[in-house]
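I'm opening my notebook on a new structure today. I'll jot down what I look up as I go, one topic at a time.

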Amino acid sequence: MFITDLDAESQDLLRFLRITKQYLPHVARLCLISTFLEDGIRMWFQWSEQRDYIEATWSCGYFLATCFVLLNLIGQIGGCVLVLSRNLVQYACFGLFGIIALQTVAYSILWDLKFLMRNLALGGGLLLLLAESRSEGKSMFAGVPSMGESSPKQYMQLGGRVLLVLMFMTLLHFDSSFFSILQNMVGTALIILVAVGFKTKLAALTLVLWLLAINVYFNAFWTVPAYKPMHDFLKYDFFQTTSVIGGLLLVVALGPGGVSMDEKKKEW
């Protein structure tokens with residue numbers, strides 16, 4: 001009975017994917033780059049505040065602090081434009097990877113486990129975008145021994161899936177209420193399914209819906225006046241979560257890749 005229910009859900013998912021096939025990758029990419037786009041725009045409107053913060057925190061001087069803000073603005077806006085226009089996507093991904101690494105150090109995220117895990121999850125989304133952009137027959141890892149022509153793409157998809165689930169580990173609540181225990185159990189099960197690549201598309205889509213509901217409910221920055229610090233905090237959290245949703249939508253659109261239980265089942 002349980003297997004029959006899963007098969008019926010899989011058929012429903014296949015119908016959903018056929019209907020949204022043309023649009024889902026575009027929506028996924030837009031969601032994925034949303035946090036970079038928002039942060040790049042914020043660098044423009046909060047130029048002085050960001051520059052002064054970096055200068056005061058690192059004692060690096062006015063010039064270097066200005067260069068930091070300028071690099072973040074151009075790197076993020078430029079990377080988003082390239083991704084959305086489907087031009088030089090691989091270089092755009094590498095540039096955005098660099099922005100994540102730079103901000104992790106500059107804003108001391110390295111010592112905050114929750115924000116570090118979320119940044120890693122964001123990196124997982126970029127890995128999936130990199131895998132999607134990798135054209136057939138062309139490898140960025142030319143000359144590196146591999147198990148097959150598409151192995152680099154498969155391992156990028158595996159790494160992306162594993163990093164994406166770190167976002168959900170920051171949402172687990174360690175208290176004894178029934179709702180929290182149920183949420184943790186269901187969330188953990190879905191996380192494991194995505195990580196190992198079993199019923200991956202269905203699990204990823206379920207996580208998208210779950211994360212979307214949590215994001216709208218808990219990170220409703222539009223309900224907080226713009227002059228309050230909580231507004232910026234919730235806005236940052238909202239768009240970062242939206243980017244992880246974009247990564248999960250890429251999993252739904254592209255599948256788990258070769259290194260997954262779904263793929264291995266085809267060989268059994």
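**Entry 1: an odd loop**

I started with L88, which sits in the loop between helix 4 and helix 5. The model is a predicted one, so I keep that in mind throughout. I checked the backbone at L88 and got a positive phi of about 50 degrees, although L88 is not a glycine. That caught my eye because most residues other than glycine have a negative phi.

Is L88 buried or exposed? Its relative accessibility is 54%, and exposed means over 50%, so L88 counts as exposed.

Then I looked at R86, which lies in the loop between helix 4 and helix 5 too. R86 also isn't a glycine, yet its phi is positive, at about 65 degrees. R86 has a relative accessible area of 34%, so I wrote it down as partly exposed.

**Entry 2: the whole chain**

Next I zoomed out. How many helices and strands does the chain have? I noted 12 helices and zero strands. Written from the N terminus on, the order of elements is just α-α-α-α-α-α-α-α-α-α-α-α.

The chain has 268 residues, and 46% of them count as buried. I also looked at contacts between residues at least 6 apart in sequence: 71% of these join residues at least 24 apart.

For an example of distant parts of the chain, I picked P25 and G247. They are 222 residues apart along the chain, and their C-alpha atoms are separated by 9.9 Å. P25 belongs to helix 2. Its relative accessible area is 18%, and the cut-off for buried is under 20%, so P25 is buried.

I found that T66 has a relative accessibility of 18%, so T66 counts as buried. T66 is in helix 4, which covers residues 61–85. Setting aside neighbours within four places in sequence, I see T66 in contact with W47 and R51.

**Entry 3: the nonpolar cores**

I wanted to look at the inside next. In soluble globular proteins, nonpolar side chains tend to be buried together.

The largest nonpolar core here has 45 residues. Which of them touch the most other members? I listed F36, L129, F168, L207, L211, L248 and L249. Apart from this core lies another one, of seven residues, including M43, I54, V69 and A106.

I followed up on L129. Not counting residues up to four places away in sequence, L129 touches R29, L32, V83, R86, V89, C93 and L250. So R86, from my loop entry, turns up here again as a contact of L129.

**Entry 4: rings**

I counted aromatic pairs next, and the structure holds 11. One of them is Y217 with F218: the centres are 4.8 Å apart and the planes meet at 90 degrees, which I noted as edge-to-face. Both Y217 and F218 are exposed.

Why is the pair of F238 and F239 called edge-to-face? Their ring centres are 5.3 Å apart and their planes are at 85 degrees, and over 60 counts as edge-to-face. F238 is buried, with a relative accessible area of 16%. I also saw that ring pairs link F238 and F239 with F221 and W222 into a cluster.

**Entry 5: empty spaces**

Last, I went looking for gaps. The second largest pocket has a volume of about 330 Å³. Its lining is made of D39, R42, Q46, Q50, Y53, Q103, Y107, I109, F115, D232, F233 and Y236. Helix 2 (24–45), helix 3 (47–58) and helix 11 (229–254) each give two or more residues to that lining. Helix 11 gives the largest share, three residues. Sorted by type, the lining has six nonpolar, three polar and three charged residues.

How many cavities of 30 Å³ or more are there? I found one, and the largest cavity has a volume of about 130 Å³. It is lined by 14 residues, and T35, Q76, Q103, L122 and Y236 are the closest to its centre. Helix 2, helix 5 (89–106), helix 6 (113–133) and helix 11 each give two or more residues to the cavity lining. Here the largest share, five residues, comes from helix 2. By type, the cavity lining splits into six nonpolar, five polar and three charged residues.

Note on methods
Residues numbered from 1 in each chain as written. Predicted model: local features only at pLDDT ≥ 70, side-chain atom pairs only at ≥ 80, totals over all residues. Heavy atoms only, no water. Phe/Tyr/Trp six-rings, centres within 6.5 Å; stacked < 30°, edge-to-face > 60°. Buried < 20%, exposed > 50% of the residue type's maximum accessible area, 1.4 Å probe, protein only. Core = buried A, V, L, I, M, F, W, Y, C linked by side-chain atoms within 4.5 Å. Contact = heavy atoms within 4.5 Å. 1 Å grid on protein atoms, 1.4 Å probe; cavity = no way out; pocket = protein on both sides within 12 Å on 5 of 7 lines; lining within 4 Å. Points joined across faces, edges and corners; volume = space filled by probe spheres on them. Helix = DSSP H or I, 4+ residues; strand = E, 2+ residues; numbered from the N terminus. Nonpolar A, V, L, I, M, F, W, Y, C, P; charged D, E, K, R; others polar.
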